[in-house]
Amino acid sequence: MKHNLLILLLTLVTLNTTARDNVIDEVIWVVGEEAILRSEVEEERLRAQYEGQQIAGDPYCIIPEQLAVQKLFLHQAELDSVEANESSVQHQVEMRINYYLSQIGSKEKMEEYFRKTMSEMKEEMTVQVRNQMIIQQMQMKLTEHIKSTPAEIRRYYQSLPQDSIPTIPAQVEVQMLAFEPAVPREETDRIKTRLREFTERVNNGEADFSMLARLYSEDTESAKRGGELGFVGRGQLVPEFAEVAFNLIDPKKVSRIVETEYGYHIIQLIEKRGERINCRHILLKPRISADDKVKALTRLDSIANLVRTEKLSFEQAVIQYSEDKNTVMNAGLMTNENTNASKFEYQELPPEIARQIYSMNIGEISKPFSMIDQRKNKEICAIVRLKSKTDVHKANLTDDYQVIREMYENHLKSDFIENWIQKKQQETYVAIDPEWQGCDFHYPGWVR
């Protein structure tokens, strides 16, 4: 039966040709009951090329093997009922589509570049993203039992050659107290009047919302797409924005003015799909005057002096005065978004903060300064305190236990996955077209 399946699949050709190379498509590998097509390999090669990913070797050997390994994990995931969260899948697909649109410029140019319709691209991306998530979850499930003891970690560290012990870069922990300078009522009124003018022009048919967004919106990324945000769930939007956007019914009408932490918005509905929505918006941000900025910096200087003279601790000052919701509940301690830990390398900090703390001593408080909050793209004023500093050093068990533990457990997990693939490889029916067998595969057991 399997022999007949192989004959059928390896002689199968489609009447359609690939859009880029006019080569008739064909089955080149069979893994279990799954086929790998020549076109799949070519698609992966072109995608890697577009995204700047380096393929270390012959792509026509490496990519088919990678696809074969993926199919081993997907088959096991099916047996174990491991599934992807569809909401997360759609969110990732929309993010990718929006990224491509921002890079290429328009839907039409994107379709021309990839030689596919938008719906075809979304369908392919959905399958790809879903499979990636399932594979990741399957690998996590396979290795979830792998834990280490302090004794094992010590032995692992002691067995490492000196040149294999990682160098830990200089790291710091930083506390921040920040707030936005007060915005005069006159400036707020000016912004609202401007947005009401836009609303009136759209509702009267005098202007197109997307055109106004391109010209005037201060959300620079969505402005490139005429203010379009792409399909998002309620939880992906700030509450004030979501409440208004999800209550819109008529795509021809414009919402009331909405105030959020980012500024002031007007919104236009494009389409609703169940619990997800696609809409356009125009964002305008109040301008801070030089006088308002000086007042905020002066106020911060007074707060810093209260801390320096020990009339107030920095933690107490944060609770009383800070408006930065990301740090206020953590005594001002900043969190590294890359690691979810409190330690930063200097280059991971906002440049303005890195410049302040570079020459500071532990416990010292900076002079007041202003910076752009990248999350909101708004100007804020702040002071920072250097809580701790670690110089460049070789990893050791005292200061870097978590780093070494992660290294050790990653090493165990990697070995486990390698062994699992080799075992699964021997248990699974595999057939490769003779023209595709002459490769130096990472896992040599494919050809047998």
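A pocket is here an open set of grid points with protein on both sides within 12 Å along at least five of seven lines. The structure described is a predicted model.

**Second largest pocket**

The second largest pocket holds about 810 Å³ of space. Its lining consists of 27 residues, and those closest to the centre are Asp-219, Ser-222, Leu-229, Tyr-262 and His-281. Helix H4 (86-104), helix H10 (220-223) and strand S9 (276-284) are the elements that each give two or more residues to this lining. The largest share, four residues, is contributed by H4. In terms of class, the lining of this pocket comprises nine nonpolar, ten polar and eight charged residues.

**Open sheet and the helices across it**

An open sheet is formed by four strands in the order S10-S5-S12-S11, with antiparallel pairing. Strand S10 (344-345) and strand S11 (369-373) are the edge strands, each of which pairs on one side only. Strand S5 (residues 171-179) and strand S12 (residues 378-390) are joined by nine bridges in the antiparallel sense. Within this sheet, Val-172 has Lys-389 of S12 as its bridge partner.

Two helices lie across strands of this sheet, as tabulated below.

| Helix | Strands crossed | Angle |
|---|---|---|
| H12 (residues 290-308) | S5, S11 and S12 | about 30° to S12 |
| H13 (residues 314-321) | S5 and S12 | about 35° to S5 |

Strands S5 and S12 thus appear in both rows of the table, and S5 and S12 are also the strands that pair over nine bridges. The edge strand S11 is among the strands across which H12 lies.

Note on methods:
Residues are numbered from 1 along each chain as its sequence is written. This is a predicted model: local features need pLDDT of at least 70, side-chain atom pairs count only at pLDDT 80 or more; totals for chains, interfaces and linings use all residues. Side-chain values use heavy atoms; hydrogens and water are left out. On a 1 Å grid over the protein atoms alone, a cavity is a set of points where a 1.4 Å probe fits but cannot get out, and a pocket is an open set with protein on both sides within 12 Å along at least five of seven lines; lining residues have an atom within 4 Å of a point. Grid points are joined across faces, edges and corners, and a volume is the space filled by probe spheres set on the points. Ala, Val, Leu, Ile, Met, Phe, Trp, Tyr, Cys and Pro count as nonpolar, Asp, Glu, Lys and Arg as charged, and the others, Gly among them, as polar. Two strands pair if DSSP finds at least two bridges between them. Contact means heavy atoms within 4.5 Å. Axes are lines fitted to C-alpha atoms, for helices over the stretch in contact, and angles run from 0 to 180 degrees between N-to-C directions.
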